[in-house]
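This report describes the architecture of one protein chain, going from a helix on a sheet to the overall fold and then to local details of the backbone. Please keep the structure in view while reading.

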Amino acid sequence: MTDVLAALRGLLGSDAVLDPSRVADRATSYWNPAPMQAAALVRPRTTAELSAVLKLCNERGQSVVTHGGLTGCVEGAISDSRDVIVSLERMNAIEEIDSIGRTATVQAGVVLQKLQETVREQGLYFPLDLGARGSCTIGGNVATNAGGINVIRYGMMRQRVLGLEAVLADGSIVSSMNRMLKNNAGYDLKHLFIGSEGTLGIVTRVIVQLEEAPSSRNSAMLALDSFAQVTSLLRHVQKSLGGKLCAFEVMWGQYFHTVTAPGFHRAPMGRDHAFYVMLEAEGAQPEADQEGFLATMEQALEQQIAADVVIPGSETERRALWEIRENFQALYEHKPIFLYDVSLPIRDMDAYIREVQQRLKARWPDSICNVIGHIGDGNLHLFVHPGTEGEGLHKLADDDVYLPLQAIGGSISAEHGIGTEKCARLPISRSAIEIELMRTLKRTLDAKGILNPGKVIGSV
């Protein structure tokens, strides 16, 4: 690999190429503190530099793994000592904000929170939001088609992207930097790269659609005693708040009880209810929006849809409520723990979770399965602790979580992607014809299979 290292330094300069010893100074990911492994890590400054890197790697059959913020949950950026890592950390400029067209042109290495804060200064709003906002990058959000807490109103990352630029495996630059909402001139090629997890090309620049910044935000946490109340509450707030509802986050009671135990979050209400919902609405008329929101919460109590409600009186209190949903460090007191991200019809969620928990208990009597979800968009996250140690536990837990999805037409991934962790399970959610078409696309755009090999569809 010495010749590849030397060739890369010849292209970019020695400061832009880290050797294996310096790569090992970095953690494998946000979730894995083990030393990172790679033959080299390159940090291009421009699309042209990245193009030159991929052209060189393609000619030599050198595998390439792309890195953004390393907050992914499915080992989609995992590398070994044979791989060249491309980190987009130096391509982190917000190039333009168009306040009239409400767009932002950004490089792939821009951190999500930086974009959110920058556009907010101009009275604009980038609504994609997730717990990893301070680390994840726009390029990573595109590559994984990120979701988060506002999908119910604003959609996934796919709905935010108007245009993008990407570099193919052979170094070709595909520039589809569209700024328009309507552009029906042939195939919309950006969709090849959104959600492709770096297997078809490396996204370098993106044009995203912004919104006007809301002038009102109203939040509440509610306690409920049945899943029927959860779905009733969802319909109630969707009807009463209309398009203002942007977040509807559900926590199963066991999750809430665990993360509000002594030493963790302070419980704002009783800890023994079956479900808890954190919801939020945004609008443009502060006084009227607040009045309507309070009336909606009062009706939920009067109609016995909810057992209790807490409305924050300040931004500090609001953030404390959201921390209960977003900061689940308490769950990691028990190890091993396996995180799942599934999608399924809302009507099937209660029975599905009961079946998964029963299967886990039958296999491991001391197992724990905590559940939260962006339930308004059909997305659940499960944290499975088997209550024992041993080999092959993760695969066995996979069986219990994924197999029940087949009968109800669910998906093994709602927003986290496939990576390497879920490759073998892809046939649960995709037909053989769909998977073969994915492989055809991969072979067409990356004939030598150098980009993120082994991810999403496995071998081609």
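## A helix across a sheet

Which strands does α13 lie across, and at about what angle does α13 run to β18? In this predicted model, α13 lies across β13 (245–252), β14, β16, β17 (368–374) and β18 (379–385), and its direction makes about 15 degrees with that of β18.

These strands belong to an open sheet of 7 strands, whose order is β15-β12-β14-β13-β17-β18-β16 and whose pairing is antiparallel. The edge strands are β15 (308–310) and β16 (338–343), each of which pairs on one side only. Averaged over the sheet and with direction ignored, neighbouring strands are turned by 20 degrees against each other. At the β15 edge, β12 (residues 216–224) and β15 pair in the antiparallel sense over 3 bridges, and within this pair leucine 222 stands opposite valine 309 in β15. A further helix, α11, packs on the sheet, where α11 touches β12, β14 (275–283) and β15 and runs at about 10 degrees to β12.

## Overall fold

The secondary structure of the protein comes to 16 helices and 18 strands. Along the principal axes, the C-alpha trace spans about 70 × 55 × 45 Å. For a compact globule of 460 residues one would expect a radius of gyration near 23 Å, and the protein has 23 Å, so the value agrees with that expectation.

## Two helix pairs

Two packed helices are described by the angle between their axes and the distance between the axes. For helix α9 (residues 227–241) and helix α11 (residues 286–302), the packing angle is about 150 degrees and the axes are 10 Å apart. Since angles over 145 degrees count as roughly antiparallel, this makes α9 roughly antiparallel to α11. The crossing of α9 and α11 is right-handed. On the α9 side the contact is made by Leu233, His236, Val237, Ser240 and Leu241, and on the α11 side by Gly292, Phe293, Thr296, Met297, Gln299 and Ala300. Sorted by character, the residues of the contact of α9 with α11 comprise 6 nonpolar, 5 polar and no charged.

The other pair joins helix α13 (residues 349–363) to helix α14 (residues 393–402), whose axes come within 8 Å and cross at roughly 150 degrees. That angle makes α13 roughly antiparallel to α14, and α13 passes α14 in a right-handed crossing. Here the contact is made by Tyr352, Val356, Arg359, Leu360 and Arg363 of α13, together with Leu396, Asp399, Asp400 and Val401 of α14. The residues of the contact of α13 with α14 divide into 5 nonpolar, no polar and 4 charged.

## A mixed sheet

An open sheet of 4 strands has the order β1-β2-β4-β3, and its pairing is mixed. Because β1 (17–18) and β3 (64–67) each have a single partner strand, they stand at the edges, and one side of each is left without a neighbour in the sheet. The partner of β3 is strand β4 (residues 84–87); these two strands run parallel and are joined by 4 bridges. Within this pairing, threonine 66 has valine 86 of β4 as its bridge partner.

## Local backbone details

Most residues other than glycine have a negative phi, and most peptide bonds are trans. Against that background, two places in the chain deserve a careful look. Leucine 70, which lies in the loop between β3 and β4, has a positive phi of about 60 degrees although it is not a glycine.

The second place is the peptide bond from lysine 335 to proline 336, which is cis, with omega near 0 degrees. Proline 336 is found in the loop between α12 (315–326) and β16, and β16 is one of the edge strands of the antiparallel sheet described above.

Notes. Residues are numbered from 1 along each chain as its sequence is written. This is a predicted model: local features need pLDDT of at least 70, side-chain atom pairs count only at pLDDT 80 or more; totals for chains, interfaces and linings use all residues. Side-chain values use heavy atoms; hydrogens and water are left out. Two strands pair if DSSP finds at least two bridges between them. Axes are lines fitted to C-alpha atoms, for helices over the stretch in contact, and angles run from 0 to 180 degrees between N-to-C directions. Angles under 35 degrees count as roughly parallel, over 145 as roughly antiparallel, 65 to 115 as roughly perpendicular and the rest as oblique. A crossing is left-handed if the near helix is turned anticlockwise from the far one by less than a right angle, and right-handed if clockwise. Contact means heavy atoms within 4.5 Å. Ala, Val, Leu, Ile, Met, Phe, Trp, Tyr, Cys and Pro count as nonpolar, Asp, Glu, Lys and Arg as charged, and the others, Gly among them, as polar. The radius of gyration is taken over C-alpha atoms; the globule rule is 2.2 Å times the number of residues to the power 0.38.
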